[in-house]
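Welcome! Here is a short set of exercises to work through with the structure open in your viewer. Try each task yourself before you read on to its solution.

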Amino acid sequence: MQNPPPAHQSAHLGPAILPGGRSRVPGAEPLRRRIELAVFGLTSGAGAPRLNFLEPAGDPGLFGPDSVCWRVHADFTIMMVGGVSALLLQALHPLALAGVWDHSNFREDILGRLRRTSAFVGGTTFAGRRDAEMLIERVRRIHLRVSGSAEDGRPYSAGDPDLLTWVHVAEHSSFLRSYQRYATVQLSAAEQDRYYSEIAQVAEMLGARDVPKSAAAIEAYLRKMRPQLDYSGRAREVRRILFNAPAPNAAIKPFSRLFLQAGEDLLPDWAQVMMGVQGGPALRRALLRRAVRAMAPTFRWALRNGAAARAKLRMRTSDLG
């Protein structure tokens, strides 16, 4: 068995291959590694924290391998499509968008923002408890420095418990919609409620309040929030930047446009109407969704060395000990 990477290589997604992780298809390993490294560069490059998902042995982190969020967050395609949709949905809240607009460089580095978000979700889901709590505390400290006034003069603060709840719900309802659309097996109603109940822990640790913890509560919350949302000029600019962002590398380029279109298609119907981006004819939407489902197995085949796989090995290592 290959040893885990040493401490100074604590990047969760380094070049080391997990035991049994090599492709068994003759001649396919170089292609698999090319896709894998391209994805790792997208999710764990510059600006993302360095985490070691292999240690400490037996540490279940915040949730553990039997949680629903481990299942939902383990699939790259589902998370990418959900992440695009979440970003577009979050941008409809003028106060939430104002903080990003005024205090980040997302207009020059939209991929960096996606990378940091991906690292936070992956770390709080799959890392050991100490690293997960470190990530949450790091974001809390950043939020303390983010405040100002929106375009209409209303004050905002990234640490506002209500804004934190909006960002959380927009993000994780998008992940779950993506899972229900593109996973090979959908979650039951009870499992969906478990997912929302589990992941609310992260939002509450960040300072959110009145976090909805069931599918019904999420839907009620989104209905309540709709009058506060607006497809403003800034929100339009977020969409423009996102859809015009260069592909992070050649291996991902053939898929990047598909991720973007699928993320927009995943938005709730009311959000698509608000944005004027309805998915078009039913046949076009069906073909788009079929293309995503056809693409997903390629990433599942290639990404055998990711955060979820390493977290599972961390738990098995404890059993062997």
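**Exercise 1. In which helix is the place of Thr165?** Then decide whether Thr165 is buried or exposed, and list its contacts beyond the sequence neighbourhood.

*Solution.* Keep in mind throughout that this is a predicted model.

Step 1: Thr165 has its place in helix H7.

Step 2: the relative accessible area of Thr165 is 2%. The cut-off for buried is under 20%, so Thr165 is buried.

Step 3: setting aside neighbours within four places in sequence, Thr165 is in contact with Ala208, Arg209, Asp210, Val211, Pro212 and Tyr221.

**Exercise 2. Work out where Asp210, one of those partners of Thr165, is located, and how accessible it is.** What is notable about its phi?

*Solution.* Step 1: Asp210 sits in the loop between H8 and H9.

Step 2: its relative accessibility is 69%. Exposed means over 50%, so Asp210 counts as exposed. Thr165, by contrast, is buried.

Step 3: the phi of Asp210 is near 50°, which is a positive value in a residue other than glycine. For context, most residues other than glycine have a negative phi.

**Exercise 3. Describe how H7 and H9 pack, starting from their angle and axis distance.**

*Solution.* Step 1: H7 (residues 161–182) and H9 (residues 215–225) pack at an angle of about 120°, and their axes are 11 Å apart.

Step 2: that angle makes H7 oblique to H9, since roughly perpendicular covers 65 to 115 degrees and roughly antiparallel begins over 145.

Step 3: the crossing of H7 past H9 is left-handed.

Step 4: on the H7 side, the contact is made by Asp162, Thr165, Trp166, Val169 and Ser173, while H9 supplies Ile218, Tyr221, Leu222 and Met225. Sorted by class, these are 6 nonpolar, 2 polar and 1 charged residues.

**Exercise 4. Repeat the analysis for H6 and H8.**

*Solution.* Step 1: H6 (residues 129–144) and H8 (residues 189–206) meet at an angle of about 45°, with 9 Å between their axes.

Step 2: H6 and H8 are therefore oblique to each other, and their crossing is right-handed.

Step 3: H6 contributes Arg129, Glu133, Ile136, Val139 and Arg140 to the contact, and H8 contributes Gln201, Val202, Met205 and Leu206. By class, that gives 5 nonpolar, 1 polar and 3 charged residues.

**Exercise 5. Two further residues of H7 are His168 and Phe175. Which residues does each of them touch?**

*Solution.* Step 1: His168 counts as buried, at 7% relative accessibility. Phe175 is also buried, with a relative accessible area of 4%.

Step 2: leaving out residues up to four places away in sequence, His168 touches Ile199, Ala200, Ala203 and Val211. From C-alpha to C-alpha, His168 and Val211 are 8.4 Å apart in space, yet 43 residues apart in sequence.

Step 3: with the sequence neighbours up to four places away again left out, Phe175 touches Val72, His73, Ile78, Met79, Gly82, Gly83, Val121 and Tyr195. Phe175 and Cys69 are 106 residues apart in sequence but 9.8 Å apart in space, C-alpha to C-alpha.

**Exercise 6. How many residues does the largest nonpolar core have?** Place it in the context of the chain.

*Solution.* Step 1: the largest nonpolar core has 89 residues, and those with the most contacts inside it are Trp166, Tyr195 and Phe299. Helix H3 (residues 76–90) gives the most to this core, with 9 residues.

Step 2: another core, of 5 residues, lies apart from it; Leu164, Ala200, Ala208 and Val211 are among them.

Step 3: the chain has 14 helices and 2 strands, and buried residues make up 52% of its 321 residues. Among contacts between residues at least 6 apart in sequence, 78% join residues at least 24 apart.

**Exercise 7. Which two residues does a cis peptide bond join?**

*Solution.* Step 1: the cis peptide bond joins Glu55 and Pro56, with omega at about -5°. In general, most peptide bonds are trans.

Step 2: Pro56 is placed in the loop between helix H1 (29–44) and helix H2 (68–72).

Note on methods:
Residues numbered from 1 in each chain as written. Predicted model: local features only at pLDDT ≥ 70, side-chain atom pairs only at ≥ 80, totals over all residues. Heavy atoms only, no water. Axes fitted to C-alpha atoms, helices over the stretch in contact; angles between N-to-C directions. Helix = DSSP H or I, 4+ residues; strand = E, 2+ residues; numbered from the N terminus. Parallel < 35°, antiparallel > 145°, perpendicular 65-115°, else oblique. Left-handed = near helix turned anticlockwise from the far one by under 90°. Contact = heavy atoms within 4.5 Å. Nonpolar A, V, L, I, M, F, W, Y, C, P; charged D, E, K, R; others polar. Core = buried A, V, L, I, M, F, W, Y, C linked by side-chain atoms within 4.5 Å. Buried < 20%, exposed > 50% of the residue type's maximum accessible area, 1.4 Å probe, protein only.
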